[in-house]
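Here are a few notes to read alongside the model. Take them in order, with the structure open beside you.

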Amino acid sequence: MSSTTNYILGVYDDEDEVLHAVGEVKAKGIKVEDVYSPFPIHGLDVAVGHERTRLPIAAFMFGTLGMICAFSLISYTMVFDWPMIIGGKDFFALPNWIPIAFEGTVLFTAFGLVSTFCISNDLWPGNKTLPLDIRTTDDKFVMAINVDKNKVSAADIKKALKESGAVEVNVK
Amino acid sequence: MAGHSHFSPANVEEHFEFTSEGKKRIIYAFIAGVVALVIGIYLLSKGEAGGHEVAAAGHDAVKAGHEAANAGHEVAAEHVSGGAVSHQAGAEEHYDWTNRIWANVWLNAVFFTGIAVVGMFFVSLQYLTKSGWSSVMKRVPEAFPKFLYISLPILILVFFFKGDVIFHWMHHGVTEVGNENYDKIIAGKSGYLNKNFFLIRLVVFGGLWILLWNMLRKKSLEEDLNGGTEYFTQLVKIGTAFIVIFGASSSIFAWDWVMSIDTHWFSTMFGWYMFASWHVTTYAVIVLAILYLKDKGLMGYVNENHLHDLGKFMFAFSIFWTYVWFEQFLLIYYANLPEETIYFLERWEGHNKIYKTSEILMVILNFLLPFLVLMTRDAKRTRIFLKIAAFLIIAGHYIDFYQMIMPGVVGKHGGYGLVEFGMVTVFASAFIYVISGELTKASLVAKNHPFLPEALHHDI
């Protein structure tokens with residue numbers, strides 16, 4: 001987190017409270033950046049207003065790429081580079097290629113998706129990102145509001161968080 | 001997520017009304033089917049019905065073009081099929097134009113029996129796995145097995161009176177040593193493939209299906225009246241018993257009803273393959289039935305989350321069908337044993353190539369299009385895409401069963417003519433009529449199902 005960002009954090013004790021608080025805070029015209037929780041809360045992504053992940057599109061592309069690569073590899077080796085007769089079939093024996101294409105599709109999709117997910121969530125090896133509040137890994141729920149992206153004043157945001165049931169309001 | 005929370009188990013009861021107008025429409029469809037069938041039969045009796053001749057002529061033109069280049073290959077293929085189908089040359093001599101009618105009756109009876117019984121399988125599976133989400137829509141598949149009362153007797157009657165038309169192993173004298181039709185391979189299978197044992201299997205397992213469905217249906221309706229979790233426990237037991245029986249009987253009926261048509265040929269994957277085909281078709285029928293009811297303004301509590309799950313089932317089982325179908329093909333293709341490859345050669349190269357188009361079309365309809373149409377989350381939650389995919393799947397799997405049954409029964413006399421369209425219309429309208437009648441007999445939602453509140457809040 002760069003030092004110029006100005007966050008106000010509302011700390012909550014209970015997942016139900018934080019779920020309702022998101023709605024209350026947003027109703028006052030305040031943009032909620034994100035909510036941090038030790039475990040997934042059903043419906044929270046909708047309440048915060050996150051867009052749906054675009055990972056499925058990436059999956060389709062990785063899968064298509066994997067299929068093309070597998071087809072190219074097997075066709076190049078078995079048809080052009082070193083043609084071999086196996087079981088009396090044509091050199092280009094399409095049905096035999098399908099299991100290989102399937103494996104290539106699965107392999108590329110799996111590795112591609114894990115890599116994309118980790119990179120897009122700052123989880124690459126060696127990266128040390130500290131949570132905004134270390135207690136979100138234990139028993140606290142934190143609503144983060146970016147002051148710079150809000151037209152509402154910092155004082156009003158703090159007040160709104162308090163009113164919505166936050167046990168603590170911190171600035172970071 | 002909060003949108004449908006105002007439904008509570010107490011106020012969801014609603015009934016489907018099978019209006020006289022609706023009945024009339026289905027009866028008109030039935031009559032139209034009968035008329036098409038009669039004209040088709042008349043054309044058949046006058047000689048070959050139209051339809052396939054055009055297709056065959058088209059193929060001949062294509063074939064002529066290929067022939068120069070592939071002469072050697074064609075001859076080799078013809079040679080293989082000629083050698084292995086020598087037994088069918090005998091069958092051809094007995095060919096009678098009415099055979100195609102009986103083949104069609106058998107095809108549709110098998111197809112719709114499958115849809116009916118998998119309705120029961122689906123409900124049983126939901127009880128066995130104690131699934132919550134499906135309790136809002138389980139009354140729809142629960143009504144399907146009613147059609148078994150019509151389709152199973154048809155299977156029994158056709159087998160009893162016209163079995164020799166459909167099954168090579170029932171031809172006169174094939175198991176009789178010294179008879180000119182004697183066939184050693186079929187004689188070796190006669191301990192299993194004989195008229196009495198076949199009928200026993202059909203009656204016993206078919207009877208068990210109907211019996212267990214009646215038990216399940218009765219308990220399910222009593223639950224509506226009285227409530228209480230003891231009904232659920234009993235339903236789980238009935239469902240489990242059915243799954244055990246269905247596990248064996250679905251494979252056995254796949255061998256009996258379909259695989260034994262090509263008596264010399266066998267595949268250890270055939271039970272799975274036919275079950276996969278039945279299964280995915282039934283999901284498509286369930287989806288269409290629910291969407292029809294929703295269009296009527298009923299089943300408002302079945303929201304896009306439940307449809308999404310059904311869409312996932314259609315998507316997944318289309319791929320499952322493809323997997324099974326392709327594995328069966330690939331192993332046979334790879335091993336290249338003449339007695340196994342004959343099955344696919346017959347459908348690809350044999351019978352003047354009249355089955356080749358269907359074989360290609362089937363893979364497009366059953367795999368490629370559902371795969372692409374239902375791939376995204378939005379498509380599985382949008383009614384129009386679900387409808388398109390469901391229609392494609394039903395048409396594709398009708399063709400799948402056509403491909404399983406027709407080449408072995410009518411061979412080069414097959415085709416898509418008025419007989420086929422008439423017969424499928426007759427069966428489909430009878431199916432819709434029976435199922436609609438059964439749907440009116442109970443509330444569309446099992447209002448005392450213990451998991452109903454969970455299903456009403458289903459959110460994915």
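How close do the axes of helix H10 and helix H15 of chain B come, and at what angle do they cross?

1. A good place to begin is this helix pair. In this predicted model, H10 of chain B spans residues 270-295 and H15 of chain B spans residues 383-409. Their axes come within 9 Å and cross at roughly 145°. The crossing of H10(B) past H15(B) is left-handed.

2. Next, look at the residues where the two helices meet. H10(B) contributes, among others, B:Val280, B:Ala284, B:Val287 and B:Leu291, while the H15(B) side includes B:Leu386, B:Ala390, B:Ile393 and B:Phe401. Sorted by class, this contact has eleven nonpolar, three polar and three charged residues.

3. Now for the largest nonpolar core, which has 124 residues. B:Met314 and B:Ile405 touch the most other members of this core. Helix H4 of chain B (residues 99-128) supplies the largest share, 18 residues.

4. B:Met314 also links back to the helix pair. Leaving aside residues up to four places away in sequence, B:Met314 touches B:Val280, B:Ala284 and B:Val287, among others, and these three belong to the H10(B) side of the helix contact. B:Met314 also touches B:Ala390 and B:Ile393, which are on the H15(B) side. A second, separate core of 18 residues includes A:Tyr12, A:Val22, A:Val142 and A:Ile157.

5. Finally, turn to where the chains touch. Seven residues of chain B are in contact with five residues of chain A. On the chain B side there are six nonpolar residues, one polar and no charged ones.

Key: Residues numbered from 1 in each chain as written. Chains lettered and ligands numbered in written order. Predicted model: local features only at pLDDT ≥ 70, side-chain atom pairs only at ≥ 80, totals over all residues. Axes fitted to C-alpha atoms, helices over the stretch in contact; angles between N-to-C directions. Helix = DSSP H or I, 4+ residues; strand = E, 2+ residues; numbered from the N terminus. Left-handed = near helix turned anticlockwise from the far one by under 90°. Nonpolar A, V, L, I, M, F, W, Y, C, P; charged D, E, K, R; others polar. Core = buried A, V, L, I, M, F, W, Y, C linked by C-beta atoms within 7 Å. Buried ≥ 20, exposed ≤ 12 C-beta atoms within 10 Å, placed from the backbone.
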